[in-house]
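Student: Please take a close look at a single part of this model and describe how it sits among its surroundings. I would also like to know how far the rest can be relied on.

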Amino acid sequence: MAFSLLAHEVSDLCLGKPALRSLSVSATVGEALSALKTSEDSFISVWSCDHSAKNIEDECRCVGKICMVDVVCFLCKGENLLSPSSALKSLVSDLLPTTQSLVTHVEPHSSLVEAIDLIVQGAQNLVVPIRSSMSNSSRRKLHQKPQIGLTTMHKGCEYCWLTQEDVVRYLLSSIGLFSPVAALPIGTLGIIDADVLVIDYHSPASSSLPAILRSLRDQTSVAVVDENGALIGEISPFTLACCDETVAAAIATLSSGDLMAYIDCGGPPEEIVRMVKTRLKQRNLEGMLEEFALVSSSTSSLSSSSSDEESSPSPKTALSRPGKYSRSSSYSARLVRRAEAIVCHPGSSLVAVMIQAIAHRVNYVWVIEDDCCLAGIVTFSSMLKIFREHLQSMA
């Protein structure tokens, strides 16, 4: 059975995966924002090819991915807070990390072990070709009609991508092969990382921006603690990705504790919304205030009509207020979590923590002591290192 698992290929994990919807690297941040608002996925892939260009022989590769958190953090920069409309005219390439690419192309026949190695080395998404059936004539026809929005076809081929969660889920189906390692406590396995991103409950949320960006790159989160180091909650990129762009105003004006309440799945309390508006006005952030007021009024008009909850939103409505607080059909399909942190203990078994993370659709679980003080974090990447070592021993 061990040899059976070692013989599995990346294509085995791609069954039923949808084709990637993507943007060109030459698109603007505003176009990326519109695409995110109408997409059922939290992330959109960014490609080097321009489908509106006449030259279709250029290399076509996925060079990164973006989500709403990238847009929000970009809008939180000082000059962009003053003029959000100007910031949206920037190129989407400004949102991509300049150091390490988070996506890697692999062939369908690549082995499962090779996929795990790439993830352990830092890849978050593995881009895999799933179809190459477009004829040259169809390809020319595609380029006769420039497409500004999303596309799934790249030089006649469609792609999907595999995430860390996909690989962990796949291994979970064969967890018996990893006995007795899977049943050992995570504290014994040495996979608890004490180097965590932490912010104080009362500190300005804006001071957490570098940590939010790093947690997005690492697929973790920012822990919110009290003065004694006890874990209160988290500011998670996963939760922020379900908000709209005006959460940038909340990050710029609120404390970390108030931001947790703002992004909670029940929607921001009215008093916190008023607080954001007041502070934007005090700081002379007219551009952000105008944007925030426009979207907030849209939210109020939507929530005041109970009939809207049963009816399908018009395209205009879906674009004006997408996010987890809206009636947007594209976002309502997404899983939305509270700002409450998912936790385990050093004595929890590896398989229990795996199941816990998968059930909550996160790539990490916080580890706390009996007194609720934060001990560290366990990630899918650290779990995969353990499985990779076990597979190597089986070979």
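Tutor: Thr163 lies in strand β7, which covers residues 157-163. The model is a predicted one, and in it Thr163 has a relative accessibility of 22%. Because the buried class ends at 20%, Thr163 counts as partly exposed. Beyond its neighbours within four places in sequence, Thr163 is in contact with Gln124 and Asn125. Gln124 is 39 residues away from Thr163 in sequence, yet their C-alpha atoms are 6.1 Å apart.

Helix α15 can be described in a similar way. The helix runs over residues 270-282, 13 in number, and spans 18 Å from its first C-alpha to its last, close to the 18 Å expected at 1.5 Å a residue. Its buried residues are Ile272, Val273, Val276 and Leu280. Viewed down the axis of α15, these buried residues fall within an arc of 105°, so they line one face of the helix. An α-helix has 3.6 residues a turn, so residues three or four places apart point the same way. Arg274, Lys281 and Gln282 are exposed on the other side of α15. Just past the helix, Asn284 adopts a positive phi of about 60°.

As for confidence, the protein has an average pLDDT of 82, and 79% of the residues score at least 70. Over residues 132-148 pLDDT stays under 50, and the model has 19 contacts beyond four places in sequence for them. Residues 299-336 also stay under 50, with 70 such contacts. Where pLDDT is low, the predicted coordinates should not be read in detail.

Terms used:
Residues numbered from 1 in each chain as written. Predicted model: local features only at pLDDT ≥ 70, side-chain atom pairs only at ≥ 80, totals over all residues. Heavy atoms only, no water. Helix = DSSP H or I, 4+ residues; strand = E, 2+ residues; numbered from the N terminus. Expected span 1.5 Å × (residues − 1). Buried < 20%, exposed > 50% of the residue type's maximum accessible area, 1.4 Å probe, protein only. Arc of directions from axis to C-beta. Contact = heavy atoms within 4.5 Å. pLDDT = per-residue confidence, 0-100.
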